[in-house]
Amino acid sequence: MSTYLRGIRTPHRKGTKKKPVLRMDVPATVTIPMSMHIGKPATPIVKVGDLVRVGTKIGEADGYISSPVFSSVSGKVVKLIEHRLITGAATTAVVIESDGEMAVDESIAPPVVNSKEDLVAAIKASGIVGLGGAGFPTFVKLDVDPARIDYLIINGAECEPYVTSDTVTMLTRADDMLYALRALRRHLGIQNVIVGVENNNRQGADAMAALGQMMDDLSIKVHSLPAIYPQGGEKVLIYHTTGRKVMNNQLPIDQGCVVLNCTTLAAIGAYLQTGMPLVEKCVSVDGGAVRLPRNVIAPIGASFQDLFDFCGGLTTEPAKMIYGGPMMGITVPDATAPILKNTNAILALTKKEARLPKTTACIRCGACVNTCPFGLEPATIAAAYDKKDIDALKDLQVLSCMECGCCSFVCPANRPLVQMNKLSKQLIRDEARKEGGNK
Ligand code: SF4
Ligand code: SF4
């Protein structure tokens with residue numbers, strides 16, 4: 001059995017499933033970080049006192065792997081602050097006081113796209129990044145020789161508990177996805193599209209199949225994925241849908257594949273039609289402490305608290321608040337944390353939901369190894385991390401860990417294996433940086 005077929009069955013707890021999608025009230029202020037993507041942070045191009053509108057550029061991309069940033073409200077820039085990212089790194093954030101008008105920037109107009117170069121430039125200008133959580137600037141994936149693309153794979157797998165915002169996209173944004181697919185077909189010569197949807201998401205699969213019937217010049221196949229976690233990991237999805245394996249140090253395009261999350265695809269379509277850059281996001285607001293779990297369309301930069309308030313407030317003091325789902329999500333220290341471009345969910349978990357059992361010694365049962373989709377050895381990695389043995393960590397290929405958390409989930413000793421993997425990766429990166437600095 002390929003290791004890619006491994007995974008775990010998690011409780012779904014999708015409290016926002018079948019709930020209507022609502023647009024939240026305009027928040028009083030938004031805090032918009034310059035780094036909401038993989039790559040170099042954008043450079044702020046506004047100063048305190050500047051008036052901005054919805055779609056006004058406030059941060060310029062810095063270099064190739066970077067992304068511009070836009071105001072999500074109309075109002076006045078009141079502060080530029082140092083903002084601590086969830087990775088611990090610091091970036092600048094622009095704080096904008098909203099005037100409540102949501103007036104649109106006069107420059108907003110659909111881009112003129114007549115070629116592949118135009119399309120890539122437009123997607124770069126839109127500020128769109130991977131909206132499934134990764135935050136990688138989307139234009140980079142499409143800035144390739146079209147002859148290398150055998151498959152465009154649309155990621156509709158939503159295997160994380162609680163999260164339903166991608167399903168909402170599949171059910172409600174067919175027009176935007178269709179528009180994007182037509183542009184990708186025309187300018188990148190995309191012939192084959194495969195949509196990966198889990199076999200327990202019938203509605204999503206039906207919606208995507210209906211989309212396929214609307215495209216007569218493009219083959220769109222809906223691939224039913226097993227309802228096990230993690231199906232949304234890029235390499236896992238490519239293997240399940242095409243049988244191709246992306247090896248270590250390879251990119252999906254090396255196996256003829258480009259993977260886009262379904263919400264990213266919809267965002268491309270919306271931008272090409274309107275010219276409005278990425279300024280808002282559909283977010284699943286859930287967890288036992290949320291009074292009215294909902295999918296909410298929120299301006300980027302609104303706070304957790306703004307979204308909780310829109311969902312009827314909290315019923316109890318949350319034991320934990322998380323960006324994303326409970327498997328791969330990141331805990332935030334308080335409810336002032338802003339919604340980012342790639343935020344697909346925010347959770348407020350009760351003490352019972354967030355309870356972490358006591359860690360005990362490894363009993364060498366091998367469950368973590370047997371569950372890892374990449375065939376890694378988490379227990380051995382943890383031992384190498386304890387010794388800070390960087391050579392061993394590299395040999396154990398910890399850098400290919402996708403941080404899915406399956407190993408921690410199955411460990412009977414409740415060892416924080418995924419956290420050790422993250423720290424191990426950081427150790428290797430720090431070492432590489434030091435070596436680079438010494439040259
Ligand atoms: S977190 Fe990493 S090591 Fe653990 S199961 Fe996932 S990919 Fe494997
Ligand atoms: S699952 Fe836990 S107890 Fe079992 S080998 Fe892995 S780390 Fe040890």
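A search of the whole predicted model identifies 3 aromatic pairs. Tyrosine 64 and phenylalanine 139 form one of them, an edge-to-face arrangement with 5.3 Å from centre to centre and 85 degrees between the planes. This pair connects distant parts of the chain, the two residues being 75 residues apart: tyrosine 64 belongs to the loop between strand S5 (57–60) and S6, and phenylalanine 139 to helix H2. Tyrosine 64 has a relative accessibility of 40% and therefore counts as partly exposed, whereas phenylalanine 139, at 3%, counts as buried.

The rings of phenylalanine 304 and phenylalanine 308 are likewise edge-to-face, because their planes stand at 90 degrees, with centres 6.0 Å apart. Both residues are located in helix H8 (residues 304–310), where a separation of 4 residues corresponds to about one turn of the helix. In an α-helix there are 3.6 residues a turn, so residues three or four places apart point the same way. Phenylalanine 304 is buried, its relative accessible area being 0%, and phenylalanine 308 is also buried, at 0%. Through ring pairs, Phe304, Phe308 and Tyr323 are linked into a cluster.

Helix H1 (residues 116–126) contains the buried residues Lys116, Leu119, Val120, Ala122, Ile123 and Ser126. Viewed down the axis of H1, these buried residues fall within an arc of 160 degrees and so line one face of the helix. Among the elements that cover them are strand S6 (69–70), helix H2 (138–142), helix H4 (174–188) and helix H7 (262–274). Helix H2 thus appears both in the cover of H1 and as the location of phenylalanine 139. Glycine 127, with a positive phi near 75 degrees, follows H1.

An open sheet is formed by 4 strands in the order S2-S8-S7-S4, with antiparallel pairing. Its edge strands, S2 and S4 (51–52), each pair on one side only. Strand S2 (residues 29–33) is nevertheless largely enclosed by the rest of the structure, because 4 of its 5 residues are buried. S2 is joined to strand S8 (residues 90–98) by 5 bridges, and valine 30 stands opposite isoleucine 96 in S8. At the other edge, 2 bridges connect S4 to strand S7 (residues 75–84) in antiparallel fashion; here valine 52 stands opposite glycine 75 in S7.

Ligand 2 is surrounded by 13 residues, of which the closest are Cys362, Cys365, Gly366, Cys368 and Cys411. By class, this shell comprises 10 nonpolar, 1 polar and 2 charged residues.

Notes: Residues numbered from 1 in each chain as written. Chains lettered and ligands numbered in written order. Predicted model: local features only at pLDDT ≥ 70, side-chain atom pairs only at ≥ 80, totals over all residues. Heavy atoms only, no water. Near = heavy atom within 4 Å. Nonpolar A, V, L, I, M, F, W, Y, C, P; charged D, E, K, R; others polar. Buried < 20%, exposed > 50% of the residue type's maximum accessible area, 1.4 Å probe, protein only. Pairing = 2+ DSSP bridges. Arc of directions from axis to C-beta. Contact = heavy atoms within 4.5 Å. Phe/Tyr/Trp six-rings, centres within 6.5 Å; stacked < 30°, edge-to-face > 60°.
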